[in-house]
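Here is a short briefing to read with the model open beside you. Please take a moment to turn it around before moving on to the notes.

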Amino acid sequence: MPEVTGPNLTPRNHCPVRHVLDQVGDKWSLLVLLTLQGRRLRFMELKRSIGDISQRVLTETLRSLERDGYVGRQVHPTVPPRVEYWLTPLGRSLLRPIARLVAWADEHFEAVCAARQRFEAKAPPATPSRRDLAPPA
């Protein structure tokens, strides 16, 4: 198994694991990559397919994925402009490891939920705020 470099061993910008996971390790990037699997989509088609992503976050995510070479973008000279996005060969090469992660998440979802419930049951109650402690008016 590859090693993640420690802070004193390799500068952060030379660590391949950190470099790649900084981009593709967030939920929005993964959802965009999975949604674009095997098809070209326009911006709003992509947004509707993902559902709960804001236009701003989708724009930022697509720019980052395009910058790193995972997603291609084509602007068609129409009014209004039609922009399509798709996975590049590099982006498609990520689908196999992402599929394994998705399969793992599906398989272990109930165990993760149960662990969260156990953790939250042990957590001390939240400290009341000053407003909660104030006598009623």
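This is a predicted model, so please read everything below in that light. The notes begin with the nonpolar core, move on to a pair of packed helices, and finish with the salt bridges.

**The nonpolar core**
- The largest nonpolar core holds 23 residues, and V32, L33, L36, L46, L58, L62 and V71 are the members that touch the most others.
- At least two residues of this core come from each of helix 2 (27–35), helix 3 (43–50), helix 4, strand 3 (82–87) and helix 6 (95–122).
- L33 is a good place to start looking: beyond its neighbours within four places in sequence, L33 is in contact with V24, L65, Y70, V71, L87, L94, L95 and I98.

**Helix 2 against helix 6**
- The axes of helix 2 and helix 6 come within 11 Å and cross at roughly 115°.
- With that angle, helix 2 is roughly perpendicular to helix 6.
- The crossing of helix 2 past helix 6 is left-handed.
- On the helix 2 side, L30, L33 and L34 make the contact, while helix 6 contributes L95, I98, L101 and V102.
- L33 therefore appears in two of these topics, as one of the core residues that touch the most other members and as part of the contact between helix 2 and helix 6.

**Salt bridges**
- How many salt bridges does a search of the whole structure find? The search finds four.
- R56 pairs with E60, and their closest N and O atoms are 3.0 Å apart.
- Why can these two side chains be thought of as one turn apart? R56 and E60 are four residues apart in helix 4 (residues 55–67), so about one helical turn separates them.
- R56 counts as exposed at 56% relative accessibility, whereas E60, at 40%, counts as partly exposed.
- R67 and D68 also meet through their side chains in a salt bridge, at 3.0 Å from N to O.
- In that pair, R67 is exposed, with a relative accessible area of 61%, and D68 is partly exposed, at 28%.
- R82 forms a salt bridge with E84, with 3.9 Å between the closest N and O atoms.
- Is E84 buried or exposed? E84 counts as buried, at 15% relative accessibility, while its partner R82 is partly exposed, with a relative accessible area of 27%.
- R82 and E84 also belong to a network of salt bridges that links them with R40.

Terms used: Residues are numbered from 1 along each chain as its sequence is written. This is a predicted model: local features need pLDDT of at least 70, side-chain atom pairs count only at pLDDT 80 or more; totals for chains, interfaces and linings use all residues. Side-chain values use heavy atoms; hydrogens and water are left out. Buried means under 20% relative accessible area, exposed over 50%, partly exposed in between (1.4 Å probe, protein chains only). A nonpolar core is a set of buried Ala, Val, Leu, Ile, Met, Phe, Trp, Tyr and Cys residues joined through side-chain atoms within 4.5 Å. Contact means heavy atoms within 4.5 Å. Axes are lines fitted to C-alpha atoms, for helices over the stretch in contact, and angles run from 0 to 180 degrees between N-to-C directions. Angles under 35 degrees count as roughly parallel, over 145 as roughly antiparallel, 65 to 115 as roughly perpendicular and the rest as oblique. A crossing is left-handed if the near helix is turned anticlockwise from the far one by less than a right angle, and right-handed if clockwise.
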